[in-house]
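Got the viewer open and a few minutes to spare? Let's walk through this one stop by stop, selecting as we go.

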Amino acid sequence: MTTTGTDRILLAHGGGGQLTEELLRDHILPRLNNDVLAELGDSANLTVGSKSLCFTTDSYVVKPLFFNGGDIGKLAVCGTVNDLAVAGAKPVALAMSMIIEEGFEFAQLEKILASIGEGARQNDVAIVTGDTKTVEAGSADKIFINTAGIGVRLGGVDLGFDKIAVGDKILINGTIGDHGMTIISQREDIKFQSQLSSDCAGLASLTCRLLQESGGIRFMRDPTRGGLAATLNEIAKATGLSIEIREADIPINPVVQAAADMLGFDVLNIANEGKFVAIVSSEAVDSCLEICRDHPLGKEANVIGQVTESTDTPSVELATKIGGRRIVQMPYGRELPRIC
Amino acid sequence: MLERIHNAQGLIDSACRKLGRQINIMEVCGTHTVAIFRNGIRSILPKTLKLLSGPGCPVCVTDQSYIDIVLQLADREDCLIATYGDMIRVPGEKGSLETRSAKANVKVVLSTEDALQLAKDNPGKTVVFVAVGFETTTPATAVVVKEAAEQAVENFYILAGHKLVVPAMCALVSEKNHNIDAFLCPGHVSAIIGYGAFAEVVDAFSRPCVVAGFEPVQIVEGLAEICRQLADGKAQLKSVYKAVVTETGNVSAQKAIAECFEPADGYWRGLGKIPKSTLRLKDKYSRFDAFKRFGLIETPSEDTTGCRCGEVLCGLIDPQQCGLFETKCTARTPIGPCMVSSEGACAAWYKYGRDKKT
């Protein structure tokens, strides 16, 4: 029995929130731990000879397979590219494995492969090795894709929780919640789904430019599962510092907000697939913002808050639009639609 | 928007100064509770104005015996349970629907239509829809019951647990030890029943009732209107949600409810048995009644030991006064339904309002 009171895996264990953290802490790390893994970064930092490399992997099990703004193929490339990008690396090559359910249509597979090819081209990475497996009908849900990626860390770049200091600014490259609300709305067949579109995109061209053209970048992370709330809480916990964000400055597409309100979701907890949070020194923040806004993936970039001294326990606090304040918690792991 | 907020804040401040005592306003609706916390509204109100979170979260007010019946049905091999998402984490004696969903006989649905479709797609199973919620969700249940009758869907049943808001409000202010000065009335429910429905509370109990929407500005303006009435020694019925809520409400939705359901005495968590406060299927539609199909009877039940959700729902204590809050009962390991539901008072306190603890 775990603290969740269950002897089985729940869906929420994969949600990127408290339960995912518990799964890692209580089950995975005690058995596999080593210095590199212990950092729990988006990518592992490896030194091979004189080279600094970043290495990462991710599995993609999205439903529906095709959604506004992307599909599982695009996601499988961009997601892994982004894990390398926020670690300060230029992606070099990807490996890809597909687990395909018996009976899956070739037409759909072709579409997915075409978008994997297109995604790799756009992100300037090659799929250099891979594997395919098929399983009996019912043993998997259509298709699961795993990608692993390797990248070269940019020279002079040194990112980490330990670089973050009081007074640093928090920057995001655009609107939040688009991917998660698109998937949820399409899955649940909600009427305004056509107006929603996933932000799924590979961020390496923007992050590399940012790192090459501006100093002062302390840390980056892509707020995927668990959304902005999870990422900021991870930062607060790891640094022992608090974070203040301003609701009025967080870019949110009004349709995403409306969809989230309807289902009773907090947009701060909703997944993104084309966003990064950067912690930047206050001296460098203006130039970083300028570089972002000059890039197609950062047009709506904004500074949303800052790192502050922690008075008691580190926390994330939101200054609301009406002048109130509230805590932003680590999400539980699975957002449940409300009844009315 | 900020100007309207500041004006309303000014009205609240001066009314509270004039009153010179603590006033307690109950927001009846769970959506209000969440909006109040999410927007940090408590942090901009004077200390003498206390907001109480009322019995307006459908999951929270559902009696434990109903939950236990749902769990009992979920254990049957021949049943598929269709439920709104909020319900799946409410614990019973032996786990919750979430821990049972590994068995794949619990399906989260977003609409009653999805539940009916589930029955059509699974003719070999008995599909039971967990029909909870207030007047906002009842019309959708009524529509699907009528559809099931017209289309002669044999394997579809509903476990009717729908509740009525006004009888609960009357029951709260009938209690001797209640501390409610006024009600901020639910916008969604009022859109269906009309704000006129709250006249009973105003007339019989002299409590101001103000209907507000869910935007922060509407909530603060609703509170300002209540404070103004209290400072002037008045109790009136008002709506500051005029774009959506009319005095008579949505008549066709009311007709849909009346076609399928009739009021019956029913059990509420924390409030006990309230006359004519729940809805049961009319005889005409009784063949869709899961209680009858499985010979089930809802009986009053004891709440989990130590859980004070009942008192929280009545506005008698704040969640932090419950001994389980934050210790045994957390968002990860909820014990009471007010912690389970995203609209529950305890979940909102835990998520947005508690002290800076991790």
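## Stop 1: the mixed sheet of chain A

Start by selecting Ile245(A), which stands opposite Gly305(A) in β12(A). This is a predicted model, so keep that in mind at every stop. Now widen the selection to β10 (residues 242–246) and β12 (residues 302–308) of chain A: the two strands pair in the antiparallel sense, over four bridges.

Zoom out and colour the whole sheet. Seven strands of chain A make it up, in the order β9-β11-β8-β12-β10-β13-β14, and the sheet is open with mixed pairing. Which strands stand at the edges? They are β9 (217–221) and β14 (325–328) of chain A; each has a single partner strand, so one side of each is left without a neighbour in the sheet. Neighbouring strands are turned by 25° against each other on average, direction ignored.

Next, show helix α9 (residues 285–293) of chain A. This helix lies across β8 (169–172), β9, β11 (277–280) and β12 of chain A, and it runs at about 0° to β8(A).

## Stop 2: a hairpin and its other neighbour

Stay in chain A and select 44–48 and 51–60. These are β1 and β2, paired in the antiparallel sense over five bridges. Click on Ala44(A) and you'll find Phe55(A) as its bridge partner in β2(A). The two strands form a hairpin with two residues between them, and Gly49(A) in the turn has a positive phi of about 60°.

β2(A) also pairs with β7 (residues 143–153) of chain A, again antiparallel, over eight bridges. To see that pairing, pick Thr57(A), whose bridge partner in β7(A) is Ala148(A).

Then move along to Pro64(A), in the loop between β2 and β3 (66–67) of chain A. Look at the peptide bond that leads into it from Lys63(A): the bond is cis, with omega near 0°.

## Stop 3: a pocket with both chains in its lining

Show chains A and B together and look for the second largest pocket, with about 730 Å³ of space. Its lining has 27 residues, and the closest to the centre are Glu247(A), Gln257(A), Asp261(A), Arg38(B) and Asn39(B). Select α8 (254–263) of chain A and α2 (30–38) of chain B as well, since these are the elements that give two or more residues to the lining. By class, the lining has 13 nonpolar, five polar and nine charged residues.

## Stop 4: the parallel sheet of chain B

Hide chain A for a moment. In chain B, five strands form an open sheet with parallel pairing, in the order β2-β1-β7-β8-β9. At the edges are β2 (49–53) and β9 (237–239) of chain B, each with a single partner strand, so one side of each has no neighbour in the sheet. From one strand to the next, the twist averages 20°.

For a closer view, select β7 (residues 182–185) and β8 (residues 209–211) of chain B, which run parallel and are joined by three bridges. Cys185(B) stands opposite Val211(B) in β8(B). Add helix α8 (residues 165–174) of chain B, which packs on the sheet and touches β1 (23–27), β7 and β8 of chain B; its direction makes about 160° with that of β7(B).

## Stop 5: loops of chain B

Select Thr62(B), in the loop between α3 (58–61) and α4 (64–74) of chain B. Is this residue buried or exposed? Thr62(B) counts as buried, because its relative accessibility is 2%, and the cut-off for buried is under 20%. Leaving out residues up to four places away in sequence, Thr62(B) touches Ile67(B), Met87(B), Val132(B), Lys163(B) and Arg269(B).

For contrast, go to Thr305(B), in the loop between α13 (290–293) and α14 (309–313) of chain B. Thr305(B) counts as exposed, at 75% relative accessibility.

Ala152(B), in the loop between α7 (138–150) and β6 (156–162) of chain B, has a phi near 50°, a positive value in a residue other than glycine.

## Last stop: a cavity in chain B

Finish at the second largest cavity, with about 70 Å³ of space. Residues to select in its lining include Cys307(B), Cys309(B), Cys322(B), Cys329(B) and Cys346(B). The lining divides into ten nonpolar residues, one polar and one charged.

Definitions and conventions:
Residues numbered from 1 in each chain as written. Chains lettered and ligands numbered in written order. Predicted model: local features only at pLDDT ≥ 70, side-chain atom pairs only at ≥ 80, totals over all residues. Heavy atoms only, no water. 1 Å grid on protein atoms, 1.4 Å probe; cavity = no way out; pocket = protein on both sides within 12 Å on 5 of 7 lines; lining within 4 Å. Points joined across faces, edges and corners; volume = space filled by probe spheres on them. Nonpolar A, V, L, I, M, F, W, Y, C, P; charged D, E, K, R; others polar. Buried < 20%, exposed > 50% of the residue type's maximum accessible area, 1.4 Å probe, protein only. Contact = heavy atoms within 4.5 Å. Pairing = 2+ DSSP bridges. Axes fitted to C-alpha atoms, helices over the stretch in contact; angles between N-to-C directions.
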